[in-house]
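I opened the model to look up how its parts meet. These are my entries, in the order I made them.

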Number of protein chains: 2
Amino acid sequence: MKRRKTLADVAAAAGVSKMTASRALRGDKDVSQANIERVKQAAREIGYYGNQFASSLSSKHTDLIGVVVPSLSNIVFPQVMSGVTDALKGTVLQPVFGVTDYDSETEYETLRNMLSWRPAGLIVTGLDQPPETRQLLKDAGVPVVQIMDIDGHPVDSCVGFSHSEAGHDIATALFETELRRFGYVGGNLDKDLRAAKRKQGFQSALRDHGLAFADIIDESDLVDDAAALSAVDCGRRLTADLLKRTPNLDCIYFSNDDLAFGGLCHCIAAGIDVPGDVALAGFNGLGIIEGFPGKVATSRTARRKIGEQAARVILETLEHSKTKMSKLHILKPEISLGELAAINHKRN
Amino acid sequence: MKRRKTLADVAAAAGVSKMTASRALRGDKDVSQANIERVKQAAREIGYYGNQFASSLSSKHTDLIGVVVPSLSNIVFPQVMSGVTDALKGTVLQPVFGVTDYDSETEYETLRNMLSWRPAGLIVTGLDQPPETRQLLKDAGVPVVQIMDIDGHPVDSCVGFSHSEAGHDIATALFETELRRFGYVGGNLDKDLRAAKRKQGFQSALRDHGLAFADIIDESDLVDDAAALSAVDCGRRLTADLLKRTPNLDCIYFSNDDLAFGGLCHCIAAGIDVPGDVALAGFNGLGIIEGFPGKVATSRTARRKIGEQAARVILETLEHSKTKMSKLHILKPEISLGELAAINHKRN
DNA sequence: ACCGGTACCGATACCGGTTGCGATACCAGT
DNA sequence: ACTGGTATCGCAACCGGTATCGGTACCGGT
């Protein structure tokens, strides 16, 4: 295989020095127009594309933004990534993604690895990193933005919303539509801490009115191997089980929209009127629940916007690192009650 | 901000030379057990985490695998990425993702950019790159795996299946269940070339039986701004419009499951029996259609497996680059007719 | 003719690791 | 005592760029 082209090759081809070639390609000043064109032409002809390693090593500087998310299977995170990508488009910065599988050990390793790339900034999901990981983030010496959550103590900046508040708020809204007997369907709460916070917020709102969940069910209650199931399917089966066990529920709160949607599917198939017989509430405001508009209540989270905003915080911090900028950006989810809103109206 | 720790710091702290420290940390040979521990201890104490730039520049070698996908909004690609990530877990290699937004200009730039990182391998989506991009891939000098499609001429290896065949196959299967009048609901065919191939394959199968689509509708037929709609919502509305325009269809073929699912939602809401009144067929086998098991026929694609296999091809090529290995890996989608299968049985 | 300023260019010294190879120490064999 | 082998170590060169800074050429002003 022939040797890779280097800047020296370009310089030779253009008849200038390495330095002039370097400057010309980077659009640096102190190069004549004639040479700029000569160099660019030469680079194109011999098929030269830089070497980031050499470049970054020499300039002690990169355009990388590390983005760490827990999962790719939940569409929410690709949407966040999309937001980051979009906000960074048009700038020199570019995102590099890492996935942790909701595992804090993997998260630590992923971050260490990213830091070995000396990124210009970091965006990480959640606030609940273990101490060692927090330390890593603190010592990173670059802007760090934690996203999707604000319940806790951010390392640096933070873009998201309060999950416990989100749970509390929708519980309150549902309570106000006269619903009283609530059930809960959850995913893997031990790993998804934010879902746990929502549940806890919901429960706290119920307590405010002297209520509690009438019944609670989650993945671990499925007899066969639930890991193989899609979230929708899982929600469908859990809902079926829950309603069999505790038939007279007014409303079921799901830990997210995928499960809630599964619940809706069950109800439709079983001839249960939603929200007439039983109301359903999920979380996120995903596209799938638009298939039956208004059926499922939900909190519409601004995932894409959170990604965009996080990227923007990094960008601005890098630009004028001196001026203190806001450390906390709240993008509160918007509650959508769907048809329940109308029912509420009728009742009032 | 204090200076970043370098290998020299570690070496000094451990009382050995840079070289010994380097070897100790990489697990290279020619280091005494005592020194290995001394160096690792020192590294941990001062919080050292290598510099990939220096390392890769010097060793002319990286552990990066570039993965280029067209989109993050379609859950299919995150699933492919997941497969790649999983297959690479436990190896030294690690994936780096790039998104093209179905834009070949962006794709070219993304690839150039990735190459400036001198990756050890590349996984790119699709076979239909423009000549300039193909050339880039050919000259990359690293294993290249094109995924998700095999209809065309791969640059190097290729993992996926034939979309035109997939379209042809499901059309044939549907025809055999006595369906005759077919409609088509499509997304943005101009950008999603693989969807276009499926449609073309479907049409070719219809032609084999002297048939053609009775009606075709796509996003551009929506009056308002369709870009703002989710795919599900879009499918719902297009199906409504199509059935109003051409009521007596036996079956509707959708360019993917998201749209098909939207179609199902419309039918359920409108009291149309599926598949009794009209059969629906999508593509991919996504989790969402499991909400109503058996209602929508589909071709279940092995996205995650394709990602895994692509990663494995890269791994193996890198390991024994001498031995020629298979260049074409077909993971054919499996057709699922759902309730149509039973109907077919009854008719026979 | 001389001077200061500006535009442009390139030699040199790194950046922080790794490769290559020679140096050193120590031990067993003869 | 001498030789050859093995285990360990470190010097120096280098990877492919970029920051720095000292030239050189050319200009207008006096």
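The entries below go from ground rules to contacts, helices, sheet and loops.

**Ground rules**

I am reading a predicted model, where local features need pLDDT of at least 70, side-chain atom pairs count only at pLDDT 80 or more, and totals for chains, interfaces and linings use all residues. Residues are numbered from 1 along each chain as its sequence is written, and chains are lettered from A and ligands numbered from 1 in the order in which they are written.

**Chain B against chain A**

I looked up the contact between the two chains first. I found 42 residues of chain B in contact with 42 residues of chain A. Contact here means that the C-beta atoms of two residues, placed from the backbone, lie within 7 Å. Next I asked which elements of chain B give two or more residues to this side. They are helix 4 (52-59), helix 5 (76-88), strand 2 (94-99), helix 6 (104-115), helix 10 (231-245) and helix 11 (257-270). I note that helices (H or I, at least four residues) and strands (E, at least two) are DSSP runs, numbered from the N terminus. The side of chain B that touches chain A has 22 nonpolar, 14 polar and six charged residues. For these classes, Ala, Val, Leu, Ile, Met, Phe, Trp, Tyr, Cys and Pro count as nonpolar, Asp, Glu, Lys and Arg as charged, and the others, Gly among them, as polar.

**DNA strand C**

I then turned to the DNA. There are 25 residues around strand C, and S17(A), L7(B), S22(B), A54(B) and S58(B) come nearest. A residue is near a strand if its C-beta atom, placed from the backbone, lies within 6 Å of it. Helix 2 (18-26) and helix 4 (52-59) of chain A give two or more residues each to this surface, as do helix 2 (18-26) and helix 4 of chain B. Which helix gives the most to the surface near DNA strand C? Helix 4 of chain B does, with five residues. I sorted the surface near strand C into eight nonpolar, twelve polar and five charged residues.

**DNA strand D**

I repeated the search for strand D. Here 25 residues lie around the strand, and L7(A), S22(A), A54(A), S58(A) and S17(B) come nearest. Helix 2 and helix 4 of both chain A and chain B each supply at least two residues. Helix 4 of chain A gives the most to the surface near strand D, with five residues. The residues near strand D divide into eight nonpolar, twelve polar and five charged.

**Helix 10 on helix 11**

In chain B, I found helix 10 packed on helix 11 at an angle of about 55 degrees, with the axes 6 Å apart. Axes are lines fitted to C-alpha atoms, for helices over the stretch in contact, and angles run from 0 to 180 degrees between N-to-C directions. That angle makes helix 10 of chain B oblique to helix 11 of chain B. Under 35 degrees counts as roughly parallel, over 145 as roughly antiparallel, 65 to 115 as roughly perpendicular and the rest as oblique. Helix 10 of chain B passes helix 11 of chain B in a right-handed crossing. A crossing is right-handed if the near helix is turned clockwise from the far one by less than a right angle, and left-handed if anticlockwise. On the helix 10 side of the contact in chain B I listed residues including V232(B), R236(B) and T239(B), and on the helix 11 side residues including L259(B), F261(B) and H266(B). This contact in chain B has eight nonpolar, five polar and three charged residues.

I checked chain A too. Its helix 10 (residues 231-245) and helix 11 pack at about 55 degrees, axes 6 Å apart. That makes helix 10 of chain A oblique to helix 11 of chain A. The crossing in chain A is right-handed.

**The sheet in chain B**

I traced an open sheet of six strands in the order 7-6-8-9-10-12, with mixed pairing. Strands pair if DSSP finds at least two bridges between them. Strand 7 (215-218) and strand 12 (334-336) of chain B are the edges, each pairing on one side only. The twist averages 15 degrees from one strand to the next. Strand 10 (residues 296-300) of chain B pairs with strand 12 of chain B in the antiparallel sense over three bridges. R300(B) stands opposite E334(B) in strand 12 of chain B.

**Loops**

Where does P275(A) lie? I found P275(A) in the loop between helix 11 (257-270) and strand 9 (279-281) of chain A. A cis peptide bond joins V274(A) to P275(A), with omega about 0 degrees. The bond from V274(B) to P275(B) is cis, with omega near 5 degrees. Last, I noted D101(A), a residue other than glycine with a positive phi near 55 degrees. D101(A) sits in the loop between strand 2 (94-99) and helix 6 (104-115) of chain A.
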